Amino acid sequence: MKYQELVNVYEALSNTTKRLKKTDILANFFKKVDDETLPIVTLLALGKVFPFYSEQEMGIGDKLVMKAISKVIGVNENEVENQIRDQGDIGAAAEKLYSKKSQTTFFSQPLSIKFVFSNLKKLATISGNNSTNKKISIILELLSSASGTEAKYITRTITEELRIGVGEGIIRDAISDAFDINKSVTERAYMLTNDLGLVAEVGKNQGENGLKKLSLTPGKPVKPMLAQLSPNIDESILEMGEALCETKYDGIRMQVHKNGDNITIFTRRLENITKAIPEIVNEIREAFPDENYIAEGEVIATRNGKPLSFQNILHRVRRKYNIEEAIESVPLKVYLYDLLYYKKPTLDEPIKIRREILEKIVNTKSDNLNLSEKAMVNEDNLKDAKRLFEKSIAEGHEGIMIKDAKEPYIPGIRGKKMLKFKAEPETLDVVVVGGTYGIGKRGNFIGSYMVALRNDDEELETVAHVATGLTDETLAKLTKMMEKYKINEKGTKIIVKPKIILEIAYSEIVKSPEYDAGYSLRFPVVKRIRDDKGLEDIDTVERLKSMYKE
Ligand code: AMP
């Protein structure tokens, strides 16, 4: 199938903001696509070349793409840069510049979707000597056979900024519509496999029954179930009837998979961190029976047995070298709290039962691997929850989790069945979309950050400018990140790709027509950069509105 056909779909998608219309366009397209190309277009429609949990990345900066465009068109790089400034993004600039390109080379050989996809994938495999030149030549091979609109989307895909407003939800719905499958069946199949390509393929060829047979596979990461805030411990427990309360550890969530002899550990963003924590892998291997399983827990860094801040553990798992040394200097502790698979999927069991199985099978042989501290609480022993909360805080942890005892594990959902109650005031996770350079001494730093939340249609809505809570060191780090993700710059203002997640504290939520969300935050303060979170983890406008009402 020709790449131009996908490009026509991209254009149609970017011409509407309506979710239903977008779903319809994609559903009609999916119906036409052949079996082999179908999984590929589910990724490309998201602007991706690799599934989001893959460790592979194209790793191409905007500069390299600009260089490639300048070579293909035969203009200098300054002209490309000017055009990007005028048009607002690299893709639109490429399209514009292509109108100057001589027609003779156009359509020398039409690009196919498969060819574009495999060339883009190749980019991830190139490293070492002369890699820049090799990468450029792959990009040139694509761009020199591309039409203007094809170049627009090839460059946007490479720079990971497709701008067609399509998220996973729309693709899932389009698969349902295209192959006449109940939305809840598609949703569950995706939830369990995390693989839209597979869901599309099975949906097309085996229908609902085929999709119902898909399940968790140890080794393939699952999106974690997320927590909402509890307004009040007792109230939450009474609402649930019976609750499994546990200490809330402030570390990194880990999902441990064992398949055959292989143990793999993923973070909440499904990054593979197995190599960074070999001592934990050993401890886990020893503590569990030799079966296939998927378990969840929190890993925290400690000093003299006391928990250290979250930043310490983040450094530790990101480390690629001198790991032996780090094992000595930053000892880790693991607290296990869930079991999604043991010989077969267990996620549909109530958490109470999942915890019981976990307790039965795990044989903790060292002080560094434990099950989370817990209390089963109902209306007769509410005090036990309070006691657990106070003990957790006294030991330096964050608070408690309150889990509805009868509830299954629902991947990727932030519902009312798992709640958190923290000692610290509430914060919001937001994404940075722009910023302003400071003045005077701070002229080299971006001092103010425009931040956004996401709405139900997976679009971003601005909500505040944050300029406090930043040390010089953090300012320097953030400014560097902003420059890396820059889309456009005018005067002292800069617009960036939504990549940087900040955790923000504030004094109050107020109504404000100045921001897309219609609300804003008074006295916002940056608490920390959340490298461990992604765009899918940021808070929603919905949540902001419900917090305002409260
Ligand atoms: P938050 O990151 O503030 O949304 O809080 C939810 C996170 O708390 C989870 O993603 C886990 O990483 C973490 N957590 C710490 N202790 C527990 C526990 N006992 N049960 C579940 N999650 C926990």
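Let's start with the open sheet: 5 strands form it, in the order β1-β12-β11-β2-β10, and the pairing is mixed. Strands here are DSSP runs of E with at least two residues, numbered from the N terminus, and two of them pair if DSSP finds at least two bridges between them. β1, residues 226-229, and β10, residues 374-377, stand at the edges with a single partner strand each, so one side of each is left without a neighbour in the sheet. On average, neighbouring strands of the sheet are turned by 35 degrees against each other, direction ignored; the axes are lines fitted to C-alpha atoms, and angles run from 0 to 180 degrees between N-to-C directions.

A word on the source. This is a predicted model, in which local features need pLDDT of at least 70 and side-chain atom pairs count only at pLDDT 80 or more, while totals for chains, interfaces and linings use all residues. Residues are numbered from 1 along each chain as its sequence is written, and side-chain values use heavy atoms, with hydrogens and water left out.

Back to the edge strand β1. It runs parallel to β12, residues 414-422, and 3 bridges join the two. Gln228 stands opposite Leu419 in β12.

Now the ligand. Which residues are the closest to it? They are Glu246, Arg253, Glu298, Lys403 and Lys420, out of 14 that surround the ligand, each with a heavy atom within 4 Å of it. By class, this shell has 3 nonpolar, 1 polar and 10 charged residues; Asp, Glu, Lys and Arg count as charged, Ala, Val, Leu, Ile, Met, Phe, Trp, Tyr, Cys and Pro as nonpolar, and the others, Gly among them, as polar.

Next, the polar contacts, meaning pairs of N or O atoms within 3.5 Å. Polar side-chain atoms lie 3.1 Å from a ligand oxygen atom for Lys248 and 3.2 Å from a ligand oxygen atom for Arg268. For Tyr249, a polar backbone atom is 3.0 Å from a nitrogen atom of the ligand. The elements giving two or more residues to the shell are β2 (243-248), β11 (399-404) and β12.

Terms used: Helix = DSSP H or I, 4+ residues; strand = E, 2+ residues; numbered from the N terminus. Polar contact = N/O pair within 3.5 Å; in protein donor to acceptor, adjacent residues only side chain to side chain.
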